[in-house]
Amino acid sequence: MTSILERTGPSIELINSAVYPHYHQMLLTNAPKADEARLDAIVEIAHETSTAELLTLFHGDWRAEVMAGWIASATSNRDITTATLTALASPTLSLTVPPLAAAAITLAEWRAMPSLVRCYAGTFEDIPEAAGFVRAATQHLAKRYRVENPFHPPPQRDRVRFEETLEVAQRLASKSSCRR
């Protein structure tokens with residue numbers, strides 16, 4: 001019998017219910033414009049899907065990883081938090097960085113810093129949008145938790161994008177805690 005960590009990705013049923021209906025509206029600058037019905041649907045997915053099945057989203061394609069970040073924000077599970085931090089440290093694509101970073105900070109707070117640093121130093125250091133987003137995330141952590149920030153400040157537009165994205169993750173967490 002294979003463990004859930006050995007699975008290659010999410011089931012087609014999970015992709016059809018948790019990924020395809022939502023990923024486009026939750027990409028990049030679309031996420032802060034998401035309506036309450038969409039956020040409620042994401043919280044419902046987080047509550048009605050097993051941890052084992054949710055973990056498989058981190059092993060899917062970039063669309064699944066985008067939704068893994070948003071769904072993770074609506075959980076308070078240690079395994080999901082660990083998977084979020086791991087995925088952030090080596091994301092599939094720059095498009096996955098915003099939801100993973102927002103979820104990591106929502107779930108792990110200052111403990112997300114090492115994953116953000118690895119993300120920045122990895123594949124996306126030379127992609128200005130992803131790099132600026134990560135720098136904004138580390139700046140947020142440095143100010144809020146008084147941890148060392150190894151990067152120079154990002155442009156204002158990246159700080160705004162980060163704060164708007166983090167707000168979505170925090171709204172998902174808040175909606176989720178109201179359901180418990």
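The following exchange goes through the reasons for some labels used on this predicted model.

Reader: Why does Ser11 count as buried?

Author: Ser11 has 18% relative accessibility. Buried means under 20%, so Ser11 counts as buried. Ser11 lies in the segment before α1 (12–19).

Reader: What makes the approach of Ser11 to Leu14 a polar contact?

Author: The side chain of Ser11 reaches the backbone nitrogen of Leu14 at 3.1 Å. The cut-off for a pair of N or O atoms is 3.5 Å, so this distance qualifies.

Reader: Why is Glu36 called partly exposed?

Author: Its relative accessibility is 38%. Buried is under 20% and exposed is over 50%, so Glu36, with a value in between, counts as partly exposed. Glu36 lies in helix α2.

Reader: Which residues is Glu36 in contact with, leaving aside its neighbours within four places in sequence?

Author: Glu36 is in contact with Arg171 and Lys175. The residues Glu36 and Arg171 are 135 places apart in sequence, and their C-alpha atoms are 9.6 Å apart in space. Their side chains make a polar contact at 2.3 Å, which is within the 3.5 Å limit.

Reader: Where is Thr49 found, and what does its side chain reach?

Author: Thr49 is in the loop between α2 (36–48) and α3. Its side chain reaches the backbone oxygen of Ile45 at 2.8 Å; the limit is 3.5 Å, so the pair meets the distance rule for a polar contact. Not counting residues up to four places away in sequence, Thr49 touches Leu14 and Leu54.

Reader: How do you know that the span of helix α5 agrees with what is expected?

Author: Helix α5 covers residues 78–89, twelve residues in total. The expected span is 1.5 Å times one less than the number of residues, and for α5 this comes to 16 Å. The C-alpha atoms at its ends are 17 Å apart, which agrees.

Reader: What caps the N-terminal end of α5?

Author: Asn77 does. One of its side-chain oxygens lies 2.7 Å from the backbone nitrogen of Asp79, and the 3.5 Å cut-off is therefore met.

Reader: Which residues of α5 are buried, and what do they pack against?

Author: The buried residues are Ile80, Thr81, Ala83, Thr84, Leu85, Ala87, Leu88 and Ala89. They pack against α3 (51–56), α4 (62–73), α6 (97–108) and α7 (113–121).

Reader: What does α5 give to the lining of the largest pocket?

Author: Helix α5 gives the most, with five residues. Eleven residues line the largest pocket, and Phe58, His59, Ala83, Thr86 and Ala87 lie nearest its centre. The lining divides into five nonpolar, four polar and two charged residues. About 200 Å³ of space lies in this pocket.

Reader: What makes the largest cavity a cavity and not a pocket?

Author: In a cavity a 1.4 Å probe fits but cannot get out, whereas a pocket is open. By this rule there is one cavity of 30 Å³ or more. The largest cavity holds about 40 Å³ of space, so it passes the 30 Å³ mark.

Reader: Which residues line the largest cavity, and how do they divide?

Author: Leu28, Thr29, Pro32, Pro98, Phe133, Arg161, Glu164 and Thr165 line the largest cavity. Four are nonpolar, two polar and two charged. Helix α9 (residues 156–179) supplies the largest share, three residues.

How values were computed:
Residues numbered from 1 in each chain as written. Predicted model: local features only at pLDDT ≥ 70, side-chain atom pairs only at ≥ 80, totals over all residues. Heavy atoms only, no water. Helix = DSSP H or I, 4+ residues; strand = E, 2+ residues; numbered from the N terminus. Buried < 20%, exposed > 50% of the residue type's maximum accessible area, 1.4 Å probe, protein only. Contact = heavy atoms within 4.5 Å. Polar contact = N/O pair within 3.5 Å; in protein donor to acceptor, adjacent residues only side chain to side chain. 1 Å grid on protein atoms, 1.4 Å probe; cavity = no way out; pocket = protein on both sides within 12 Å on 5 of 7 lines; lining within 4 Å. Points joined across faces, edges and corners; volume = space filled by probe spheres on them. Nonpolar A, V, L, I, M, F, W, Y, C, P; charged D, E, K, R; others polar.
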